[in-house]
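Visitor: I should like a close look at a single part of this model, the place where its two chains meet. Please describe what each side brings to it and how the two are held in register by their atoms' contacts.

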Amino acid sequence: MPTALDDAPAVQATGAPAPRTRRKRRRVALPYLLLLPAILLELLVHLIPMLAGLAMSFFKLTQFSIRDFTSAPAAGIDNYKFVLDFDSAVGKALLGSFWISVLYTVFSVGFCWLFGTSAAVLMQKDFRGRGVLRTLFLVPYALPMYAAVITWSFLLQRDTGLVNSLLGTDSFWLIGDNSFWSLVIVSVWRNWPFAFLIVMAGLQNIPAELYEAAAIDGAGWWRQFQAITQPMLRPVNQVLLLVLFLWTFNDFNTPYVLFGASAPKEASLISIHIYQSSFVTWNFGLGSAMSVLLLVFLLIVSTVYLGLTARRRNASV
Amino acid sequence: MRIGKIAPALVLALAAAAATACGGGDTSSSAPKELVYWASNQGTSLDNDKAVLRPELDRFEKAAGIKVKLEVVPWTDLLNRILAATTSGKGPDVLNIGNTWSASLQATGAFLPFDDAALEKVGGKSRFLGPSLAATGASGRPPVGVPLYGQAYGLYYNKKLFAEAGITKPPATWEELVEDGKKLTKPDKGQWGLSLQAGQVTENSHHAAILGAQQGARFSTPDGKPQLASDPSVAAVRQFVDLMQKDKIVNPSNAEYADTAKSLKDLSDGKAAMFMNQASAGSFKNIGMDMADLGVAPIPLPATPPSAGRKVTSFVAGINMAVFKGTKNPDAALDFVKFMVSAPEQALLNKTYGSLPTVQDAYSDAAFQTEDVKVFQGVLANSAEPMPQVPQESQFETLIGTAMKAMFADVAAGKPVDDGKIRDQLNQADQQIAAGG
């Protein structure tokens, strides 16, 4: 039976591409073909609506024009000017929400990373019951988001909540100053297992020989952590922190389920604020402008972060 | 949902909701007629609503040959779903709307105007109760829907607690309400004079409107622009917040109350002696309250009302029924509306839900001759005024209600709320509404 290789000269003689070339082309095209559905869906689900949102931000889109977008009066950059006027109530409220979101992100990401890394490192070595503990740690992440946060909202109620019963206090946790910390606690509880999972996976890629060699050289646990674990985990941490940052800064579900559509002002994240501006007060142009600004902010932070980490990586090579 | 892309998500959500949830009725002229109906949640659960409505819809199908596909939409989703349908132009054929949204939804132009001809098709304008019909859109424009379920606010009170405190009758003035509330407040026993849904945005805004009217506030200028900040509206908000702050007849925990169930339960369990709410005898019965202990009276007015004050103890609450302009079966839709507002259906549905018929001829039913129902009927007829019928009404409700929720949270946390703070909040709300144009 002739092989494909044997056929090659005959085909070439007819002027048609050689099978090897065809195969090569096919090989080159295959990944793109496989990616095509994902690209089309990405366009449909993210990019087109994103562009539509961008367009909406330049119009005065309210209930008067929602039925027919084309009838919305053009606003130019008025929506942007309005939300960036920090002397106005709208601008002031947006800025307040922005800073609350920054604080929320710092605390939530910080604690998630700290707890996730600590737990993963402590469980790096095999011990009895490690598998059970690992599974237990992942439970918050595996629980349905809504059910989990609704449960927290019950726990945090003043008169009937378990938290006050256990602490023997009568504090408010869902309104007032404490509401911010409630939000941070629920967010950390929900997301730290993700950090744990990622760091745990990263740790498994560190060769055991490095620790053995360090131990022979007399390095203690802390020294090994500083000299081996941390540097080896750096690429994992870079991605982990970026993902946690984006998730947390954009978090909508946690505050919405915990507090409802109107979160207390102390815990009014920018996501809830934008939702209110768009859906609740029916000012879609203004809400879109806020969303675009948020998108720009996140893009800048992500780009700067990726740039800095890449430069650091290149410098260390 | 991660909301970094909320603007695109908005577009997508609107489109997706419209695509998945709506679809309208049958468009083919040869196929049997079919309507899609979005009902609001009036019963104890969505399933309860389906159980109540399904037999009636079947009866309509049998009589008119028009099938009605029912979806009961929870209140938390209803406005968003309507907005999505409005945006896409693909919605249900017939739907329920909160009557306070009437002017806002009217402004979208997405609903069939009930002009005289359309009203005639559903039985004629004169059948409807005047106050309920007044809450169907901006004045001078054809209504955006017709009233389906009537509601009004009243003051529920626990007769047993009143008797224990030696109080023989419900308060006749606001001052008496406060005085009685103080007598009935015993924090060491976990008993409070009044229960409030202080964490509920809409409820707060309703009370701001009622007390605002009593103080002489107008929440919109004569040319229809919203105006929240004024001396009377500050006084009204202060009067309401003071129930917790100064009079201390409301449990500070009520600042967390975001649904009616807790307040109903407080009254039923003897943890609160009074509760201002819409007609809810059915709900009290469902949570097991001894109905012999339940009394209801109109919300009292101040003993000496301000000169500009109006005799208002409730706003005209209720649910309207609207027809989506995009319907392919307008005649069938109007037939269905006519069926739902017919006297037998009005009597049956309102009896079941504990609400009030919106047509005169349904009141002959014995169920609406009870003392409690007559209280609400009297309020609706004599001392209720519609919420401001301006396009920005829904923003008004949200903004003033949210501001009041925050004020109650401050009061609960021991932070004082004075006139300056209230005015500042109302000014901010005005600015936010103005941003919408």
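Guide: In this predicted model, the contact draws 50 residues from chain B and 54 residues from chain A. Together the two chains bury about 4,500 Å², and 63% of that area lies on carbon and sulfur atoms.

Polar and charged pairs also cross the boundary. There are 3 salt bridges between chain B and chain A. In a salt bridge between A:Lys265 and B:Asp410, the side chains meet at 3.1 Å, N to O. For polar contacts, 9 residue pairs are found across the interface, both partners having pLDDT 80 or more.

On the side of chain B that touches chain A, the elements giving two or more residues are helices H1 (6-21), H3 (75-88), H4 (102-108), H16 (393-412) and H17 (419-435) of chain B. Of these, H16(B) gives the most, with 10 residues. By residue class, this side of chain B divides into 23 nonpolar, 19 polar and 8 charged.

Another element of chain B may be set beside this account: helix H9, residues 201-215. Its 15 residues, at 1.5 Å a residue, should span 21 Å, and the end C-alpha atoms are 21 Å apart, which agrees. Because 14 of the 15 residues of H9(B) are buried, this helix is largely enclosed by the rest of the structure. At the N-terminal end of H9(B), B:Gln200 acts as a cap, with a side-chain oxygen 3.0 Å from the backbone nitrogen of B:Thr202. Just after H9(B), B:Gly216 adopts a positive phi of about 95°.

Definitions and conventions:
Residues numbered from 1 in each chain as written. Chains lettered and ligands numbered in written order. Predicted model: local features only at pLDDT ≥ 70, side-chain atom pairs only at ≥ 80, totals over all residues. Heavy atoms only, no water. Helix = DSSP H or I, 4+ residues; strand = E, 2+ residues; numbered from the N terminus. Expected span 1.5 Å × (residues − 1). Buried < 20%, exposed > 50% of the residue type's maximum accessible area, 1.4 Å probe, protein only. Polar contact = N/O pair within 3.5 Å; in protein donor to acceptor, adjacent residues only side chain to side chain. Contact = heavy atoms within 4.5 Å. Buried area = accessible area lost by both parts, 1.4 Å probe. Salt bridge = Lys/Arg side-chain N within 4 Å of Asp/Glu carboxyl O. Nonpolar A, V, L, I, M, F, W, Y, C, P; charged D, E, K, R; others polar.
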